[in-house]
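Please open the model in a viewer and keep the selection panel at hand. The tour proceeds one selection at a time.

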Amino acid sequence: MSVFEHPSFDNHEKILFATDEATGLKAIIGVHSTASGPACGGCRMWSYPNSEAALTDALRLSQGMSYKNIMADLPIGGGKSVIMKPDGAFDRQALFEAFGRAVESLNGEYTTAEDVGVSPDDMMAVRRSTEHVVGLPEGKAASGDPSPVTADGVFRGIKVCAERGLGSRDLSGVKIAIQGAAGHVGSYLCGHLSRAGAELFITDINQDGLNRLKDEYGATIVGLDEIYDQDVEIFAPCALGAVINPDTIDRIKAKIIAGAANNQLATREMGAEVQKRGKLYAPDYVLNAGGIINVMGEISGDFNPEWVKGKLDGLEVTLAEILDQSESEGRPSNIIADEIARQRIEEKRAKKVAEVA
Ligand code: NAD
């Protein structure tokens, strides 16, 4: 398995491979950049087929966090961790305590939080081993589950997209397909969209969750693969990454692609393919920054909902600027966002180096 030669390696500052035989922990922590401050980003637990797949996720996700944090103008760098979910039964508390020890070994260079497959309670187990954890359900300045705020940011961003792609921010009667609708973010997003009058088409592997959303919002349940073929105006990927790929792009009828999932584009080049087809893509790490913004309130030790709200207003402005630049320059929105993020990180890095010198 290559690391420095890995296609997703982007001069990450540190990559920690952590194992603990007693608990079955196999984790990778990627610290992409600390140019803006200590790295922060969630921990994902997933049944990866092999360590190569876990490494790819850790590399891409931690780079994405650097971009996300700098675009939201937060004083933190980018990092992310993945845990390879053990096969069979395992002691969850002990596993997350062991993961906490790995986080602790980085001496504050990385602060963790929850991501897919990980709950606020898991973070309480991590807290027994390290202080460098946020997204806790209790304690001083606890910000709790970041998902509602992520969903709020995605909802706001969808309206920014609708204004440009559909001619109005009004979502009443607009058809929207939501992938991963029963998830933490997806279910809150369904609530926002339904209250705004949108017609929902939902899918998930969690059938009970889907049934609840159907009862609550009158949403139409569609099959896992059928979600791509829906005759909708907006497609909101809120499950896992790489769902915009050569196999799906021509099936997606939506004019707008805007959702919470990280790394929605299978490759950077897919951004150009989306644009070629006259579709509008909201760069994921700009749109889904609500959670880390919320978590930032906890890192600062002084959680302030008004500050969070102001940052979400800023998210809308940033997204609008990217989409407008993309349109005026005729270049893909993901490339514009990446360029802005890289430039800002480089400026922070140069400033940090100058201060040390
Ligand atoms: P989650 O695990 O609660 O939700 C994901 C949902 O997707 C689950 O309901 C799961 O059953 C479903 N799913 C899995 N595979 C699927 C498939 N093949 N087709 C359809 N549905 C499938 O996770 P979440 O916290 O809601 O996060 C969702 C996405 O948003 C992830 O990509 C995550 O990285 C990203 N994100 C989340 C936050 C946050 O605050 N939670 C913040 C930023 C980004």
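The stops below go from the domains to the ligand and its surroundings.

The model is predicted, so local features require pLDDT of at least 70 and side-chain atom pairs pLDDT 80 or more, while totals for chains, interfaces and linings use all residues. Residues are numbered from 1 along each chain as its sequence is written, and side-chain values use heavy atoms, with hydrogens and water left out.

First, colour domain 1 (1–59 + 81–138) and domain 2 (147–290 + 317–341), into which the protein is divided; the bounds come from an automatic or database domain assignment. Their C-alpha centres are 27 Å apart.

Next, select the ligand together with the residues around it, taking those with a heavy atom within 4 Å. There are 22 such residues, and T150, H184, D204, A239 and N262 come nearest. Each of domain 1 and domain 2 supplies at least three residues to this shell.

Then display the polar contacts, meaning pairs of N or O atoms within 3.5 Å. A polar side-chain atom of N262 is 2.7 Å from a ligand oxygen. Polar backbone atoms also approach ligand oxygen atoms: that of A239 at 2.8 Å and that of A260 at 3.3 Å. On its own the ligand has 820 Å² of accessible area, of which the protein covers 85% (Shrake-Rupley method, 1.4 Å probe).

Finally, highlight α4 (147–165) and α5 (184–195), the elements that give two or more residues to the shell; helices here are DSSP runs (H or I) of at least four residues, numbered from the N terminus.

Key: Polar contact = N/O pair within 3.5 Å; in protein donor to acceptor, adjacent residues only side chain to side chain.
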